[in-house]
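Work through the exercises below with the model open. Try each task before reading its solution.

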Amino acid sequence: MSKHIEKLKKQLLEIAEVVNSFKSEAVQVRIIDRLLDAIAENDKAEPEGPEAFVKKVHRSKNGEDDDQGSHGRKKPGATKILNQLLSTDYFNTRHSISAIAEYCKEHYDSDFKTSELSGILLKLAKENKLKRERSNDNNRFEYVRA
């Protein structure tokens, strides 16, 4: 097993510079996730190889595999949830990014970082679906239906 981990470490070191060139931590995690999946696919013949390691990494909180094949659906992403919120009356009042993230956590069981939401909200503002206004209280942006 340690032989496989050493091989994995070496491979990760080789790609570290490329992965770290992405500023978004979410993008970095997804790249590593895909690479680990690819390594697992290539080494399927080895029962205790990287595939076993990848499966351990993908365990969800309740102990089930996080694979989406036969285990159920993936949670909707930030774009989908924000578009769903646009179809409701949520944006009839002004909300900060942190308030939107908290609302998504409470009502959609999706724990988004504000950095994950900010780009999507800016895009929706540029598409004139939302207005982006500075708050007089804290000088931060708030979003309301356009």
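**Exercise 1. A leucine and its surroundings**

Is Leu124 buried or exposed, and what is its relative accessible area? The model is a predicted one. Place the residue, classify it, then list its contacts.

Solution.
- Step 1. Leu124 belongs to helix H6.
- Step 2. Its relative accessible area is 4%. Buried means under 20%, so Leu124 is buried.
- Step 3. Skip the neighbours within four places in sequence. Leu124 is then in contact with Leu82, Asn83, Leu86, Lys129 and Leu130.
- Step 4. Take Tyr143, 19 residues from Leu124 in sequence. The C-alpha to C-alpha distance between Leu124 and Tyr143 is 9.6 Å.

**Exercise 2. Helix H4 against helix H6**

Describe how H4 and H6 cross, and sort the residues that meet there.

Solution.
- Step 1. Start with the axes. Those of H4 (residues 78-86) and H6 come within 10 Å. They cross at roughly 50°.
- Step 2. Classify the angle. Roughly parallel needs under 35 degrees, and roughly perpendicular needs 65 to 115. H4 and H6 are therefore oblique to each other.
- Step 3. Assign the hand. The crossing of H4 with H6 is right-handed.
- Step 4. List the residues. H4 supplies Ala78, Thr79, Leu82, Asn83 and Leu86. H6 supplies Glu116, Leu117, Ile120, Leu121 and Leu124.
- Step 5. Sort them. The contact of H4 with H6 has seven nonpolar residues, two polar and one charged.

**Exercise 3. Helix H5 against helix H6**

Repeat the analysis for H5 and H6.

Solution.
- Step 1. H5 covers residues 97-108, and H6 covers residues 114-126. Their axes come within 9 Å and cross at roughly 110°.
- Step 2. The range 65 to 115 counts as roughly perpendicular. H5 and H6 therefore fall in that class.
- Step 3. H5 passes H6 with a right-handed crossing.
- Step 4. On the H5 side, the contact is made by Ile97, Ser98, Ile100 and Ala101. On the H6 side, Thr114, Leu117, Ser118 and Leu121 take part.
- Step 5. The contact of H5 with H6 counts five nonpolar residues, three polar and no charged.

**Exercise 4. Two residues, two accessibility classes**

Classify Gln28 and Ile15 by accessibility, and find what each one touches.

Solution.
- Step 1. Gln28 is in helix H2, which covers residues 25-42. Ile15 is in helix H1, which covers residues 2-20.
- Step 2. Buried means under 20%, and partly exposed lies between that and 50%. Gln28 has 18% relative accessibility, so Gln28 counts as buried. Ile15 has 24%, so Ile15 counts as partly exposed.
- Step 3. Leave out neighbours within four places in sequence. Gln28 contacts Val19, Asn20 and Phe22. With residues up to four places away left out, Ile15 touches Ile32 and Leu35.
- Step 4. Check one pair by distance. Ile15 and Ile32 are 17 residues apart along the chain. Their C-alpha atoms are separated by 9.2 Å.

**Exercise 5. The hairpin**

How many bridges join strand E2 to strand E3, and how do the strands run? Find a facing pair and a positive phi as well.

Solution.
- Step 1. E2 spans residues 130-134, and E3 spans residues 141-145. Five bridges join them.
- Step 2. The two strands, E2 and E3, run antiparallel.
- Step 3. Glu133 stands opposite Glu142, a residue of E3.
- Step 4. Six residues lie between the strands of this hairpin. In the hairpin, Asn139 has a positive phi near 60°.

Note on methods. Residues numbered from 1 in each chain as written. Predicted model: local features only at pLDDT ≥ 70, side-chain atom pairs only at ≥ 80, totals over all residues. Heavy atoms only, no water. Pairing = 2+ DSSP bridges. Helix = DSSP H or I, 4+ residues; strand = E, 2+ residues; numbered from the N terminus. Axes fitted to C-alpha atoms, helices over the stretch in contact; angles between N-to-C directions. Parallel < 35°, antiparallel > 145°, perpendicular 65-115°, else oblique. Left-handed = near helix turned anticlockwise from the far one by under 90°. Contact = heavy atoms within 4.5 Å. Nonpolar A, V, L, I, M, F, W, Y, C, P; charged D, E, K, R; others polar. Buried < 20%, exposed > 50% of the residue type's maximum accessible area, 1.4 Å probe, protein only.
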